[in-house]
Each structure stands twice: as C-alpha cells, then as structure tokens.
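Student: I would like to learn how to read a structure like this one. Please take me through it feature by feature.

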Amino acid sequence: MTMQRITTLSAAVSLALLAGCNSSDDTSARSSSVTEYQYSTKAVYSSQQEAATYEAAPEGFSPVYTELVARHGARALSSPKYDVLTKLVWEAAAAQGALTELGQTLGHKVDLVTAANEALGYGLLTELGKEEHANLATRLADRLPGLLENDGSHCIKVETSGKDRANESAYYFMQSLAAKVDYVSDSDSCYVTQDDPSEITKALANKYELYFHKTEPKGDYAQYLPAFEAYQTFIGDEDNGVDPAPELTEALDALKALPETKVMAREMLERLYSKAFVDYLAAGVEFVAVNPEDGGKTYVHDEVDAALMLYNLFIIGPGMVREAEAEGEDWDLEQYLTPEESAWFSYLSDAEDFYEKGPSFAGETVTYDIAQALLDGLFNEVQTQVVEGEGARVAKLRFAHAETIIPLVALMQLEGSRQGAEVGTLMTQENNEWRGGWVSPYAANIQWDVYENADKQVLVKMLYNEKEVAFKEGCEPVSAGSFFYDFTELKRCYAYAG
C-alpha cells in the first residue's frame with residue numbers, strides 16, 4: 001500500500017464520515033448534527049443491563065463459581081502530559097499576544113486540572129472510580145447470593161496487574177464486597193487486605209496475565225513469548241527509534257491526515273488562539289512533556305497534536321467530577337470544544353486503540369494473541385475449580401487496564417470487537433462496530449458465572465459490562481437464544497486443551 005493510495009483513501013473516509021451529517025460547508029450546520037459529547041475509552045461506567053432481566057439458569061442448575069476481569073475505575077491523568085502540553089501551547093500563544101477572549105480563560109482552567117491531578121496523584125483512582133468498583137461489587141454479590149452470601153468465610157482469589165490504579169480498584173471492590181460477603185482477607189492464596197489501597201501483596205500481582213502488553217513471558221508463561229515478541233515488533237518503540245509495522249504507521253498517519261481532522265483541529269484552536277498562531281503550529285513546532293516516572297516523552301508537533309492534547313484533557317473531566325467539586329470551581333471544559341469536535345476526536349482515539357490493541361487488520365491476530373494467557377486463565381479456573389472439583393475458592397477477581405480488556409474481547413470475538421479493517425481501508429464508524437465507550441470504558445468488565453447440576457454438567461454465562469452477551473460465532477448455546485453454554489462446547493469452540 002503506497003502513501004499516495006492511503007492518502008486518497010483518507011480523503012474518501014473523511015467525506016464518508018461527514019455524509020448524512022452535513023448538508024453544506026457551513027460550520028453551524030455541522031455543529032448542530034452532533035449534540036452529545038463523546039469520551040472514547042474515558043467514558044464513565046454504567047451497567048448495561050438491569051439484573052431483573054437476566055436469563056434464569058436452566059432447571060436444576062445452581063451457581064458454583066464466578067470470574068471477573070475488570071478495567072480500573074475512573075482515574076486522574078496517567079501522567080503530566082495533556083495538561084502540561086496544553087499549558088505550554090497556551091503560554092506560547094500568550095507570549096505572542098495571540099489569545100482570544102475565550103483563550104484567555106484556558107490557562108487558569110488547565111491550572112485547576114493540574115492542581116487536582118497533583119493533589120490526587122497522577123494515575124490514581126478518582127472518587128468516582130472508587131464508586132464504580134464499589135457498586136460493581138455490590139451488584140455481583142446481589143446477582144449471586146446463593147454462591148457468595150451463604151454461611152462461612154469464602155476464599156475469593158484476587159489478582160491485579162500490580163499497577164497502582166488496578167490495586168486500588170481491587171481494594172475498593174473488596175471493601176464494598178465485605179458488606180455482603182464473608183471472605184478470607186489474610187491469605188496469599190486468596191486475598192490480603194492492604195493498609196495502602198494502591199499496594200498489593202506481591203503474590204497477588206500477575207503481570208503475565210494482566211499486563212501482558214509490557215511483560216515478557218517467562219517460566220510457566222514461556223509458551224506465550226512468540227506472541228509477545230510479535231506484538232512488540234508490530235507496535236514498535238518510538239522512544240527507542242523502533243518503527244511500528246508499516247501498515248500500522250500508514251493507518252495512523254492517514255487518520256491524522258484526514259481533511260476533517262485538520263478542519264476540526266483548526267476550528268477548535270481558532271476559538272482560543274489567533275489564526276496566525278494556529279498557522280504557526282501547523283508549520284511545525286516542538287513542545288515536549290517528559291513523564292517523571294519513566295522518562296517517556298509526548299510531543300506536540302503541529303496543530304492536530306495541540307487539538308488532541310486539549311481533547312484528551314477534556315475527556316478526563318467526567319471521571320474527576322468529585323475532585324473538581326472539591327476545588328469549588330467548575331472546570332467547564334466543554335466550552336473549549338463542540339460536541340461534534342469531541343465526536344471526531346473520539347473517533348480518532350477509538351481508531352488508534354482499534355489498530356494498536358483491538359481487532360486491527362483483517363487476517364492478522366498479532367494485537368490480541370498476547371491476551372491468550374488471560375483467556376487460558378479464565379478457562380483454567382473453570383476446569384480446575386469446577387470440572388476437576390478442586391473447589392479451593394468460589395471466585396477469581398482480576399483487576400487490570402484497557403490494554404487488557406481490549407485485546408481480550410478481540411481475541412474472544414465478542415460484541416463490538418468482531419471485525420478487523422482491510423489494509424488500505426481505514427476503520428470508520430460506518431464500516432466497523434468498534435466503539436471505545438462500549439469496548440472499554442472505565443471499569444469495563446467481563447464476568448463468567450458458572451453453574452452446575454447434580455449430574456456435574458457445567459454451564460457458563462457471560463456478562464460484558466454487566467450485559468448478557470453471546471460467545472463468539474460458532475459457539476452453540478444450550479438452546480437457541482440462550483446465553484448459557486456448556487463448558488465442553490466452549491472448550492471446543494475456543495480450542496482450549498486444558
């Protein structure tokens with residue numbers, strides 16, 4: 001695929017995405033076509049189905065086990081970059097006398113966001129993020145009272161990626177669960193309550209299954225090394241000068257070069273800065289933010305980068321609503337971009353995640369093969385704890401990241417993640433079902449409820465963001481339209497050898 005070809009496709013995609021929304025080139029006509037702000041994978045969590053509508057288990061089956069894989073809850077900015085870079089651009093504009101009346105207000109608002117992130121701690125759960133996991137725990141206990149709320153202290157195995165926000169998610173989940181469930185809280189084989197929510201007992205951290213995109217498989221996980229190495233080759237390493245796969249580079253470059261990307265970026269920025277200053281950005285600049293923890297660098301090279309920084313600052317707002325309230329001053333970040341602009345940049349964010357972590361290119365599996373260790377882990381739990389009768393615990397709860405959930409659901413070919421994009425044809429909202437706000441919002445989760453009858457037949461029902469969903473095409477449920485699957489059928493369908 002040549003850059004000439006993909007650039008032509010970029011223009012076609014831009015026109016296609018606008019078709020049906022815009023009847024003219026008039027900005028006001030376009031702006032009225034989208035009325036709600038979009039937040040991509042920074043959407044705050046809400047359960048996607050009322051528990052009262054869940055399908056009942058077939059007669060004679062009772063819950064015997066449950067599993068959870070959840071993304072962390074709403075968090076602060078992961079590091080000082082979007083706020084830092086937006087402020088650097090703003091300061092450059094101020095120095096050139098290029099601020100509009102609206103633009104003059106932006107610097108102070110960025111300072112408020114930065115202050116809240118510094119006070120909370122970059123990357124840590126917000127108050128809303130804690131609530132998301134606390135409420136998730138309550139609904140889990142309420143859904144399975146016969147399994148979790150009966151007499152006796154249960155062993156509930158907890159694992160995290162070992163990262164602060166995943167550890168915090170586990171802490172607030174388990175703290176909430178304790179109001180309804182008596183569980184072991186002082187055993188490495190189950191769970192150990194921490195004094196510091198951001199810490200976890202080392203034995204309960206499993207990076208091989210829950211932080212696989214940056215963890216080289218070793219020991220018992222060595223069989224997954226080829227998939228890890230293939231992914232590293234595909235994704236590249238910008239900080240160390242290693243280029244991504246050519247098809248990935250071309251797709252990401254094409255997204256940034258879409259005509260509407262530049263139009264939206266300029267419209268957003270020219271409300272804040274003079275046209276001359278936006279021209280200055282577009283001609284090529286270099287602003288850089290350095291992560292104080294790992295030295296990683298994030299850049300603004302042009303007007304599109306500057307707009308992306310502002311969009312990424314904007315989408316952190318809903319998850320930090322409690323922190324903004326505590327400052328006593330509304331951030332009001334919505335004034336700096338329109339719903340339509342948020343929708344476009346949400347699409348760009350979605351597309352980047354789609355190509356780098358999700359279904360990616362049709363016929364290729366490199367982006368999600370790295371989740372195989374986790375999928376095997378889900379199967380292993382049902383096989384050992386239920387089928388083989390080990391019965392050491394009643395649940396396994398895992399807490400991780402978007403980088404965990406996105407490849408996992410692509411590997412499983414679940415709703416929203418079933419279709420890759422052809423090389424040379426950009427993923428769009430018209431030709432693909434993938435949406436970050438569904439695939440991996442804050443606290444996104446996959447849950448397997450496991451049932452058994454007196455004949456030892458084992459069934460599994462899956463919830464995705466607490467909505468009953470089917471396993472991949474080709475897996476046959478116990479009856480037409482049911483969400484219950486015989487575990488033997490799932491092992492066949494997903495080629496699990498045990």
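Tutor: Let us start with contacts, meaning heavy atoms within 4.5 Å. Glu 36 is in contact with Pro 339 and Ser 342, once its neighbours within four places in sequence are set aside. Keep in mind that this is a predicted model, where local features need pLDDT of at least 70 and side-chain atom pairs count only at pLDDT 80 or more, while totals for chains, interfaces and linings use all residues. Residues are numbered from 1 along each chain as its sequence is written, and side-chain values use heavy atoms, with hydrogens and water left out.

Student: Where is Glu 36, and is Glu 36 buried or exposed?

Tutor: Glu 36 belongs to the loop between helix 2 and strand 1. Helices (H or I, at least four residues) and strands (E, at least two) are DSSP runs, numbered from the N terminus. For exposure we use relative accessible area: buried is under 20%, exposed is over 50%, and partly exposed is in between (1.4 Å probe, protein chains only). Glu 36 has 59% relative accessibility, so it counts as exposed. Its C-alpha atom is 8.2 Å from that of Ala 343, although 307 residues separate the two in sequence.

Student: Which residue can I look at for a buried case in that loop?

Tutor: Try Ser 40, which is also placed in the loop between helix 2 (27–31) and strand 1. Ser 40 counts as buried because its relative accessibility is 4%. Its phi is positive, near 55°, and Ser 40 is a residue other than glycine.

Student: Where is Gln 413, and what is its phi?

Tutor: Gln 413 sits in the loop between helix 18 (402–412) and helix 19 (436–439). Its phi is positive too, about 55°, and Gln 413 is not a glycine. With 37% relative accessibility, Gln 413 counts as partly exposed.

Student: How do I check the length of a helix?

Tutor: The expected span is 1.5 Å times one less than the number of residues. Helix 7 (residues 164–177) has 14 residues and should span 20 Å; its end C-alpha atoms are 20 Å apart, which agrees.

Student: How many residues of helix 7 are buried, and what covers them?

Tutor: In helix 7, 11 of the 14 residues are buried, so the helix is largely enclosed by the rest of the structure. Among them are Tyr 171, Tyr 172, Phe 173 and Met 174. The cover includes strand 1 (62–71), helix 5 (127–143), strand 2 (156–160) and strand 5 (395–400).

Student: What about helices with one buried face?

Tutor: The general idea comes from the turn. An α-helix has 3.6 residues a turn, so residues three or four places apart point the same way. Now look at helix 9 (residues 225–235), where Ala 227, Phe 228, Tyr 231, Phe 234 and Ile 235 are buried. Seen down the axis, these buried residues of helix 9 fall within an arc of 125°, so they line one face of the helix. The arc is taken from the directions from the helix axis to the C-beta atoms. Pro 226 and Thr 233 are exposed on the other side of helix 9. Among the elements that cover its buried residues are helix 10 (246–257) and helix 15 (339–357). Just after helix 9 comes Gly 236, with a positive phi of about 75°.

Student: Which residues of helix 12 are buried?

Tutor: In helix 12 (residues 275–282) they are Phe 277, Val 278 and Leu 281. Viewed down the axis of helix 12, they fall within an arc of 100°, so they line one face. The exposed residues Lys 275 and Ala 276 are on the face turned away from the buried side of helix 12. The buried residues of helix 12 pack against helix 3 (82–95), helix 11, strand 3 (287–290) and helix 13 (303–314). After helix 12 comes Gly 284, whose phi is positive, near 115°.

Student: Which residues line the largest cavity?

Tutor: They include Tyr 208, Phe 212, Thr 215, Ala 227, Phe 228 and Ile 370. You have met Ala 227 and Phe 228 already, as buried residues of helix 9. The volume of the largest cavity is about 70 Å³.

Notes: 1 Å grid on protein atoms, 1.4 Å probe; cavity = no way out; pocket = protein on both sides within 12 Å on 5 of 7 lines; lining within 4 Å. Points joined across faces, edges and corners; volume = space filled by probe spheres on them.
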